[in-house]
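Biologist: I am new to this structure and should be grateful for a close look at one part of it. Please describe the region where the protein meets the DNA, and place that region in its wider setting.

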2 protein chains.
Amino acid sequence: MSIGPSITRIAAAIGDPVRAEMLAALMGGRALTATELANCAGITKQTGSSHLRKLLDAGLITVRSQGRHRYFGIANEDVAHLLEQMIGVADKTARLRTGPKEPALRKARVCYDHLAGEIAVDIYDRLLRNELICFVGESLTLTAEGARWMARFGIDVERLRSQRRALCRACLDWSERRNHLAGALGAAFLERLLERGWVRRERNSRLITIRPAGEIGLKRVLGSPR
Amino acid sequence: MSIGPSITRIAAAIGDPVRAEMLAALMGGRALTATELANCAGITKQTGSSHLRKLLDAGLITVRSQGRHRYFGIANEDVAHLLEQMIGVADKTARLRTGPKEPALRKARVCYDHLAGEIAVDIYDRLLRNELICFVGESLTLTAEGARWMARFGIDVERLRSQRRALCRACLDWSERRNHLAGALGAAFLERLLERGWVRRERNSRLITIRPAGEIGLKRVLGSPR
DNA sequence: CTAACGGTTCGAGCCGGATCGAACCGTCGA
DNA sequence: TCGACGGTTCGATCCGGCTCGAACCGTTAG
């Protein structure tokens, strides 16, 4: 009758150092192969394979077989969000003893498939202030003006709407404790920033760096932050 | 450099059947003693004591000593929210193999210190529709009319405002996948519902049942749902 | 003061699961 | 066709941590 066992399944799956490391690597948004994941966790591929099976059983990741490779990735947005929340709680309770670390990650990072961190919160604020997105009741929606804006920015909004996935979602940022943009639009927005060369993702990491062109460009299309 | 270890700390602390059961019991919102928690997890108090220390070390729970008793409770709203999210993910991945369980919990339950479930989402919608709460930018706020309404309902809003805790917060309901009211106001609202005898909490459970007076009363003060 | 009770600490036992070597399967390239 | 490579399975080993009995400390009640 109790809900204890159900959360044990999930938490125990995450709560192993090796598996946590694998999930952290996958939070970078890139699909990785079994060997890559084993390497970045510092174990042999046999052991890695067993861990990956556990993560699959728990429903936390998915696989896509491609030739002789198997690409693993975070299962869905809910799992990604759960992991972000967990980092938030961990960070908050650890701060007391260790002190803040990784300020660069606070500035900008990938959260599964969209942008997170200080920059992401700033962008979200400006989208809201310019009435390109707004709350209708409790759900975040793209305004008509917002749709035109996104089209000018190079995003095919109609294609996104046809996906089963929600177009806009507000996602609580653990480092900023404020919302940023998620959902299909959030993912497309990040993709476009990368294509334009406004931001760059670091190799094998969740870290995102903003390039000068991005600083200038964002200011031009969205106005100054604050 | 990686964030793996930090989430391991948290997830491993939750990912033990006994500790998960304890946390689930504490999600009922009541502070419980070490022996009570040991009993509801089905272990001896020595073992329980060790588990409780681990949960304390992880920062997931807090203690308050009172005479020869020690009362344990969920550390804060973030932890409660994390656990709810985890239930949501667990539920979603398990549904495929087990099927939905506990429909009563979906109807109404306690989420740490405020109301959750179908009823809570309904109430939230009606508060929003009547413009008693609204989004200002991204943060949920109580309107002037809402403050008067709450006062009539028997809630001392000024006292709540003076707390360090946020007055209104939107909390994503795992069973409904829509928002409900959290924060100091959410807690006070539930308290008032209990005082009025509109709802009742089941002993040793997160379950909340709506009494006839509550059905009628809520309809009178907030209008019909939908 | 003493007994009862709530809670923690210590120590020993035990079990689950993480780990890796070795063998095996399937795909790709030559 | 054969060898190289990515990945999984099996089996043996080993270690961490969960568990409880026993002893101990502090508080409360009589």
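Modeller: Two residues are taken to be in contact if their C-beta atoms, placed from the backbone, lie within 7 Å. By that rule, 42 residues of chain A are in contact with 42 residues of chain B in this predicted model. On the side of chain A that touches chain B, the elements giving two or more residues are α1 (4-14), α2 (17-26) and α5 (77-98) of chain A. Of these, α5(A) supplies the largest share, 15 residues. This side of chain A comprises 22 nonpolar, 12 polar and 8 charged residues.

With that setting in place, I turn to the DNA. DNA strand D is surrounded by 22 residues, and the closest are T33(A), T35(A), Q46(A), S49(A) and G67(B). Two or more residues of the surface near this strand come from each of α3 (34-41), α4 (45-57) and β3 (69-74) of chain A, and also from α4 (45-57) of chain B. The largest share belongs to α4(A), with 6 residues. Sorted by class, the surface near DNA strand D holds 11 polar, 7 charged and 4 nonpolar residues.

Two of the elements just named, α3(A) and α4(A), also meet each other. Two packed helices are described by the angle between their axes and the distance between the axes. The axes of α3(A) and α4(A) come within 9 Å and cross at roughly 105°. Angles of 65 to 115 degrees count as roughly perpendicular, and α3(A) and α4(A) are therefore roughly perpendicular to each other. From α3(A), the contact is made by A34(A), T35(A), L37(A), A38(A) and A41(A), while α4(A) contributes K45(A), G48(A), S49(A) and L52(A). These residues divide into 5 nonpolar, 3 polar and 1 charged. T35(A) and S49(A) take part in this helix contact, and both are listed among the residues closest to DNA strand D.

There remains DNA strand C. Around this strand there are 22 residues, of which G67(A), T33(B), T35(B), Q46(B) and S49(B) are the closest. Here the elements giving two or more residues to the nearby surface are α4 of chain A, together with α3 (34-41), α4 and β3 (69-74) of chain B. The most is given by α4(B), with 6 residues. The surface near DNA strand C has 12 polar, 6 charged and 4 nonpolar residues. Both chains thus appear in the description of each strand: G67(B) is among the closest residues to DNA strand D, and G67(A) is among the closest to DNA strand C.

Methods: Residues are numbered from 1 along each chain as its sequence is written. Chains are lettered from A and ligands numbered from 1 in the order in which they are written. This is a predicted model: local features need pLDDT of at least 70, side-chain atom pairs count only at pLDDT 80 or more; totals for chains, interfaces and linings use all residues. A residue is near a molecule or strand if its C-beta atom, placed from the backbone, lies within 6 Å of it. Helices (H or I, at least four residues) and strands (E, at least two) are DSSP runs, numbered from the N terminus. Ala, Val, Leu, Ile, Met, Phe, Trp, Tyr, Cys and Pro count as nonpolar, Asp, Glu, Lys and Arg as charged, and the others, Gly among them, as polar. Axes are lines fitted to C-alpha atoms, for helices over the stretch in contact, and angles run from 0 to 180 degrees between N-to-C directions. Angles under 35 degrees count as roughly parallel, over 145 as roughly antiparallel, 65 to 115 as roughly perpendicular and the rest as oblique.
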